[in-house]
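User: I would like to go through this model by question and answer. Please keep the replies short and end each one on the result.

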Amino acid sequence: QVQLVESGGGLVQAGGSLRLSCAASGSIFSIEDMGWYRQAPGKQRELVALITRSGSTSYADSVKERFTISRDNAKNTMYLQMDSLKLEDTARYYCNALVKTRLLRTYDYWGQGTQVTVSS
């Protein structure tokens, strides 16, 4: 069993910054791709940013130049630094990870999410 726990969400004014964390624990052999997704009320879940195990990154156009995804493989933790936040960044942010377990089987896991609310 593998658990992903997000933290760092909260209420911030437009133009401000937040740093999200996603900590993975459990029966982990290795973590491959990781990503941040978000879902606003009434909208579909969308990809925010992805990072491979080797550190290659990709971003949604809406967050490029404002958000930075990173990870610490030794700590099984991923981060999302969010700067210059906009009202439209308000959403619940979810962590996703492709995990190879100690039984060498690969599964896709999701966290419970952390709420980010940007106010004017």
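User: Where is arginine 66 found, and is arginine 66 buried or exposed?
Analyst: This is a predicted model, in which local features need pLDDT of at least 70 and side-chain atom pairs count only at pLDDT 80 or more, while totals for chains, interfaces and linings use all residues. Residues are numbered from 1 along each chain as its sequence is written, and side-chain values use heavy atoms, with hydrogens and water left out. Arginine 66 lies in the loop between β6 (57-59) and β7; strands here are DSSP runs (E, at least two residues), numbered from the N terminus. Its relative accessibility is 10%, and buried means under 20%, exposed over 50% and partly exposed in between (1.4 Å probe, protein chains only), so arginine 66 counts as buried.

User: Which residues does arginine 66 touch, not counting residues up to four places away in sequence?
Analyst: Contact means heavy atoms within 4.5 Å. With residues up to four places away in sequence left out, the partners of arginine 66 are Gln81, Met82, Asp83, Ser84, Leu85, Lys86 and Asp89.

User: Which residues does methionine 82 touch on the same terms?
Analyst: Arginine 66 has Met82 among its contacts, and Arg66 appears in turn in the list for methionine 82. Not counting residues up to four places away in sequence, that list is Gly16, Ser17, Leu18, Leu20, Arg66, Phe67, Tyr93 and Val116.

User: Which element gives the largest share of the largest nonpolar core?
Analyst: A nonpolar core is a set of buried Ala, Val, Leu, Ile, Met, Phe, Trp, Tyr and Cys residues joined through side-chain atoms within 4.5 Å. Of the 31 residues in the largest one, Trp36, Val48, Phe67, Met78, Leu80, Met82 and Tyr93 touch the most other members. Two or more residues each come from β1, β3, β4 (28-39), β5 (46-51), β7, β8, β9 (91-101) and β11 (114-119). The largest share, 5 residues, is that of β9.

User: What is the strand order of the open sheet of 4 strands, and which are the edge strands?
Analyst: Two strands pair if DSSP finds at least two bridges between them. The order is β1-β3-β8-β7, with antiparallel pairing. Pairing on one side only marks the edge strands, β1 (2-7) and β7 (67-72).

User: How many bridges join β7 to β8, and which residue stands opposite isoleucine 69?
Analyst: Strand β8 covers residues 77-82 and runs antiparallel to β7, with 6 bridges between them. Opposite isoleucine 69 stands leucine 80.

User: Which residues form the uncovered face of β1?
Analyst: In a regular strand the side chains alternate between the two faces of the sheet. In β1 the covered face holds Val2, Leu4 and Glu6. The uncovered face is made of Gln3, Val5 and Ser7.

User: Is leucine 11 buried or exposed?
Analyst: Leucine 11 belongs to strand β2 (residues 10-13). Beyond its neighbours within four places in sequence, leucine 11 contacts Thr117 and Ser119. At 65% relative accessibility, leucine 11 counts as exposed.

User: What is the radius of gyration of the chain?
Analyst: The chain has 0 helices and 11 strands, and its C-alpha trace spans about 50 × 25 × 20 Å along the principal axes. The radius of gyration is taken over C-alpha atoms, and the globule rule is 2.2 Å times the number of residues to the power 0.38. For 120 residues a compact globule would come near 14 Å, which agrees with the value for the chain, 14 Å.
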